[in-house]
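Me: I would like a close look at one part of this model, with its surroundings described residue by residue. Please keep the account plain.

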Amino acid sequence: MPIYLDNAATTKPAPAVIEAITEALSRHYGNPSSLHRMGLEAQLMVDDARKTIAGALGTEKDCILFTSGATESSNLALRSAAAVYGRRKKHIITSAVEHASVRSTIDALEQQGYTVTRVKPDENGVFQAKDFLDAVTPDTFLVSVMLAENETGRILPVQKLFRMLQKKYPDIIRHCDVVQAFMKLPVSVSDLPADLLSMSAHKIHGPKGCGALYIRKGIRMQSIVTGGKQEKGIRPGTEASPLIAGFGAAVKLMQPTIAERYAYVSELRALLLEKLGELPYITLNSDPEGSPYIVNFSVKGIRSEIMLHFLEDEGIYVSSGSACSKGVQSGVLGAYNIPDAQADCALRVSFSEETTAAEIDALIAAIEKGQATLIHKK
Ligand code: PLP
């Protein structure tokens, strides 16, 4: 059996999710827009998932829009905000550690003439809400900051920041990528007063190719593709009803156990940190106060890909800790002042509730073996 420790990249679809998708594909395959009974069945299925996701966030179903994933959700959120709210005002505030889906979209807006402030963490690698607030100018119309950062698991002070923004600058649009937090930490629109939230199904045992965007009531949107009237015309195209049914099934499954899973995964992290602490060649890149689902560390002198493939040969699957997509450095570890030599050797281990203590033991044994084998091969 493989030891899968790459749950921040994607998760194994849950049996209930596979069942919901199979049922939708084989029985409820009507087009949700069709006027006949089969269309209605598909529509009801999509609505049920919409209600489930809205309920999990503490909002109403009208506020949930389905997309092809968080990348599209964030593109839609940011590009729409720029088109609708960024006509006269041109300044955007974001963090220096956003996922590529937000980072590249904001880079593209900058190319179009918007100005961008990318807030960095303090000298201890901790983000301060005040630093974002201090960046606000009369020209600011959009703030986009993620909640749980995906490379090291750090939690950004978005709740505090969004509350302060809501009070002081209610006209500024607040977007948050909650992909690595949704169904892992409590996320609700009452605690996190966002205008827009991006979510993804495949990070929570749902299917790939499906996501959602929460849109607070009253926020005006402009679509980024043109077509029919689906999803209020904001996201035209026939809804991916089987994937949406799978997303709904994943949320139904995960929502009741957020606290329980958090506690369990925290124990796993404590165990891993304790064992890593006994190895003199390991440096921790995560903040112990961060999400317990992600642990990022460096094995001194052994490049990420080399150790990653060694572990793979041992049947253990992890991520390179500093590359966002296939070998291209994202610069996130650099933002925390982690030296390049250390970032080049970073590995990311990410848990699910299916991870066991025995798997952590196997990982540690494999790292020890890998270090002993590889350090002489340089
Ligand atoms: N945002 C974060 C923080 C992520 O970790 C990911 C996935 O890697 C995404 C966005 C993109 O999600 P999707 O694969 O659904 O486009």
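In which helix is A365 found? Please start from there, and then go on to the rest of the chain and to the ligand.

Reply: This is a predicted model, and everything below should be read with that in mind. A365 is found in helix α12, which runs over residues 357–374. A365 counts as partly exposed because its relative accessible area is 43%, a value that falls between the 20% limit for buried and the 50% limit for exposed. Along the chain, A365 and S95 are 270 residues apart, and their C-alpha atoms are separated by 37 Å.

The division of the chain gives the wider frame. Domain 1 is made of two segments, 3–11 and 258–377, while domain 2 covers 15–255. Between the C-alpha centres of domain 1 and domain 2 the distance is 28 Å. The contact between them involves 28 residues of domain 1 and 28 residues of domain 2.

I282 is a second point to look at. The residue lies in strand β9, which spans residues 282–284. With a relative accessibility of 14%, I282 is buried, because the limit for that class is under 20%. Neighbours within four places in sequence aside, the residues in contact with I282 are L276, F297, S298, V299 and I367. F182 is 100 residues from I282 in sequence, and the C-alpha to C-alpha distance between the two is 30 Å.

Now the ligand. Its surroundings consist of 13 residues, and the closest are T71, D177, Q180, S200 and K203. By class, this shell holds 8 polar residues, 3 nonpolar ones and 2 charged ones. Some side chains come within polar distance of ligand atoms. In D177, an N or O atom of the side chain is 2.6 Å from a nitrogen atom of the ligand. H202 has a side-chain N or O atom 2.9 Å from an oxygen atom of the ligand. For H99, the distance from a side-chain N or O atom to a ligand oxygen is 3.2 Å. Taken on its own, the ligand has 400 Å² of accessible area, and the protein covers 86% of that.

Q180, listed among the closest residues to the ligand, can be followed further. The residue sits in the loop that joins β6 (173–177) to β7 (196–200). Q180 nevertheless counts as buried, because its relative accessibility is 6%. A polar atom of the Q180 side chain lies 2.9 Å from the backbone oxygen of A8. A8 is also one of the contacts of Q180 once neighbours within four places in sequence are left aside; the others are A148, N150, K203 and I294. K203 appears here as well as in the list of residues closest to the ligand.

A few loop positions remain. Q230 has its place in the loop between β8 (211–215) and α7 (241–254). At 14% relative accessibility, Q230 counts as buried. Not counting residues up to four places away in sequence, Q230 touches S33, R235, P236, G237, T238 and E239. K232 lies in the loop between β8 and α7 too, but K232 counts as exposed, because its relative accessibility is 61% and the class starts over 50%. The phi angle of K232 is near 60°, a positive value in a residue that is not glycine.

N337 also has a positive phi, at about 65°, although this residue is not a glycine. N337 lies in the loop between α10 (332–335) and α11 (340–343). Its relative accessible area is 58%, so N337 is exposed.

The last position is T59, in the loop between α2 (37–57) and β2 (64–67). Leaving out residues up to four places away in sequence, T59 touches A54, I64, V189 and Y214. T59 and A357 are 298 residues apart in sequence, and 37 Å separate them in space, C-alpha to C-alpha. A357 brings the account back to its start, since helix α12 covers residues 357–374.

Technical notes
Residues numbered from 1 in each chain as written. Predicted model: local features only at pLDDT ≥ 70, side-chain atom pairs only at ≥ 80, totals over all residues. Heavy atoms only, no water. Near = heavy atom within 4 Å. Polar contact = N/O pair within 3.5 Å; in protein donor to acceptor, adjacent residues only side chain to side chain. Areas by Shrake-Rupley, 256 points an atom, 1.4 Å probe, with all protein chains shown as cover. Nonpolar A, V, L, I, M, F, W, Y, C, P; charged D, E, K, R; others polar. Helix = DSSP H or I, 4+ residues; strand = E, 2+ residues; numbered from the N terminus. Buried < 20%, exposed > 50% of the residue type's maximum accessible area, 1.4 Å probe, protein only. Contact = heavy atoms within 4.5 Å. Domains from an automatic or database assignment.
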